[in-house]
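User: I'd like a close look at one part of this model: the unusual backbone spots, plus whatever you can tell me about the contacts and packing that go with them. Keep it relaxed, but give me the values.

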Amino acid sequence: MNTQANLRLATTENAESPADAMPSLVQEIRAHFVERVRVTPIEHSPFPHMVIESALPDHVYRRILENAEKSEMMAESFGDPTWTEKLRFKTYFQSRFQTHLAKRAENPEDDQTLWAAMDAVFSDATFFAGILDIALPNYLSIRFGDARFSEGFWERFKFEAFTQRHEPGYRLEAHTDIPTRVATMIFSFAQNADFEHAGTALLRPKDPLQVCSGNLHHPMDGFTTVKIAPYRPNTALLFFKTRHSWHSVSPDAHLAPNGRYGMQVQFYEPDGGVLQDLSEPDLLRNKQFKSPSITTRIRWKLEKLFGRG
């Protein structure tokens with residue numbers, strides 16, 4: 001069954017655990033988001049993306065904002081120096097705080113039903129693939145071919161779905177995301193439209209021939225801002241990973257109320273890619289670190305010899 005057919009089923013049938021406890025809310029969020037994607041045009045410059053207005057049902061968005069000022073709901077810094085110090089580029093991740101949706105659903109001080117429903121919707125690989133098919137038909141076929149119809153294909157993919165806030169010092173230099181990324185959704189949980197400039201900047205390199213498969217971040221002086229996906233209430237930016245999907249976050253974005261409160265959903269292949277490339281170019285390896293660990297290098301060798309399990 002193709003992803004479009006699976007998506008139609010996903011909006012009409014009860015979801016599996018943890019959605020069983022709140023099936024109507026899950027179905028409502030799914031159906032609403034599908035319709036919003038259907039009516040939103042895709043833009044191809046500077047890379048394929050869409051800005052989705054009224055991304056969530058109004059009452060869901062109001063519930064999300066109820067805990068917007070509680071920074072303790074996102075108290076974990078993404079910038080753990082045990083791994084950021086090994087990166088080949090400078091980061092500011094220590095000023096980004098995030099919590100996975102599943103963890104918020106386990107917090108008795110939080111809106112557990114809401115976040116369990118959001119996690120059920122936005123951590124579903126088949127649902128996400130169906131959304132991508134609606135947004136940019138043929139993208140998945142071009143990237144994965146008929147392999148995407150094989151049994152268990154989408155179960156091989158990985159998800160990161162989390163809410164986030166930023167503190168002073170946070171920024172993101174120009175980058176295109178890691179090579180294994182397929183697509184990203186960034187939801188703006190803004191209280192008003194006064195800080196639209198705090199959204200994600202979509203960039204174009206001053207040298208139009210420059211692309212990047214991923215792994216590195218680059219200085220901003222080599223880029224111009226084409227547009228800013230606005231940090232606007234109940235708005236989501238959906239964009240596809242390409243070698244020219246350059247984007248950034250400005251140093252003053254954290255000035256938006258509640259630390260630029262939002263949600264991010266990242267959909268990506270496992271390290272090395274989901275397909276087995278017989279030419280072994282290693283284009284889908286995570287090479288962000290200065291030197292891969294011995295364990296990682298051994299794993300790469302074994303995968304070349306015996307394939308990925």
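Analyst:
**Arg-260 and the other backbone oddities**

Arg-260 lies in helix H9, which covers residues 257–260. Bear in mind that this is a predicted model, so the values below are computed from predicted coordinates. What puts Arg-260 on the list is its positive phi of about 60°, although the residue is not a glycine. Is Arg-260 buried or exposed? Its relative accessibility is 6%, so Arg-260 counts as buried with the cut-off set at under 20%.

Ser-54 makes a good companion case. Ser-54 isn't a glycine either, and its phi is positive at about 50°. The setting is the loop between E1 and H3. With a relative accessible area of 35%, Ser-54 is partly exposed, whereas Arg-260 is buried.

The next spot concerns omega rather than phi. Ser-45 and Pro-46 are joined by a cis peptide bond, with omega at about 5°. Pro-46 is in the loop between H2 and E1.

**What ties that loop down**

The loop between H2 and E1 also holds Glu-43, and Glu-43 forms a salt bridge with Lys-227, with 3.2 Å between the closest N and O atoms. What parts does this pair tie together? Lys-227 comes from strand E7 (residues 223–229), while the loop with Glu-43 runs between helix H2 (23–38) and strand E1 (49–53), so the bridge connects parts 184 residues apart in sequence. Both partners are partly exposed: Lys-227 has a relative accessible area of 22%, and for Glu-43 the figure is 34%.

There are 11 salt bridges in the structure, and two more deserve a look here. Glu-269 pairs with Arg-143, the closest N and O atoms being 2.7 Å apart. This one links distant parts of the chain as well: Glu-269 is in the loop between E10 and helix H10 (294–306), Arg-143 is in helix H8 (residues 139–144), and the two are 126 residues apart. Glu-269 is buried, at 3% relative accessibility, but Arg-143 is partly exposed at 22%.

Then there's Glu-196 with Arg-232, whose side chains meet in a salt bridge at 3.0 Å, N to O. Glu-196 sits in the loop between E5 and strand E6 (200–205), and Arg-232 in the loop between E7 and E8, so parts 36 residues apart in sequence are tied together. Glu-196 is partly exposed at 27%, and Arg-232 is partly exposed at 24%. Shared partners join Glu-53, Glu-196 and Arg-232 into one salt-bridge network.

**H3 and its cover**

Back to the loop with Ser-54, which has H3 on its far side. The buried residues of H3 (residues 58–66) are Val-60, Tyr-61 and Ile-64. Why do they line one face of the helix? Viewed down the axis of H3, they fall within an arc of 100°, so they make up one face. That ties in with a basic rule: an α-helix has 3.6 residues a turn, so residues three or four places apart point the same way. The other side of H3 shows Asp-58, Arg-62 and Glu-66, which are exposed.

As for the cover over the buried residues of H3, it includes H2, helix H6 (112–122) and E5. H6 has 9 of its 11 residues buried, so the rest of the structure largely encloses it. Among those buried in H6 are Leu-114, Trp-115, Met-118, Asp-119 and Phe-122.

**One cavity to finish**

E5 brings us to the empty space. The structure holds 1 cavity of 30 Å³ or more, and the volume of the largest cavity is about 110 Å³. Its lining takes in 17 residues, with Ile-186, Ser-188, Thr-200, Ala-229 and Pro-230 nearest the centre. Strands E5 (181–188), E8 (235–240) and E10 (262–268) are the elements that give two or more residues to that lining. What is the chemical mix of the lining? The residues split into 10 nonpolar, 6 polar and 1 charged.

Definitions and conventions:
Residues are numbered from 1 along each chain as its sequence is written. This is a predicted model: local features need pLDDT of at least 70, side-chain atom pairs count only at pLDDT 80 or more; totals for chains, interfaces and linings use all residues. Side-chain values use heavy atoms; hydrogens and water are left out. On a 1 Å grid over the protein atoms alone, a cavity is a set of points where a 1.4 Å probe fits but cannot get out, and a pocket is an open set with protein on both sides within 12 Å along at least five of seven lines; lining residues have an atom within 4 Å of a point. Grid points are joined across faces, edges and corners, and a volume is the space filled by probe spheres set on the points. Helices (H or I, at least four residues) and strands (E, at least two) are DSSP runs, numbered from the N terminus. Ala, Val, Leu, Ile, Met, Phe, Trp, Tyr, Cys and Pro count as nonpolar, Asp, Glu, Lys and Arg as charged, and the others, Gly among them, as polar. A salt bridge is a side-chain nitrogen of Lys or Arg within 4 Å of a carboxyl oxygen of Asp or Glu. Buried means under 20% relative accessible area, exposed over 50%, partly exposed in between (1.4 Å probe, protein chains only). The arc is that of the directions from the helix axis to the C-beta atoms. Contact means heavy atoms within 4.5 Å.
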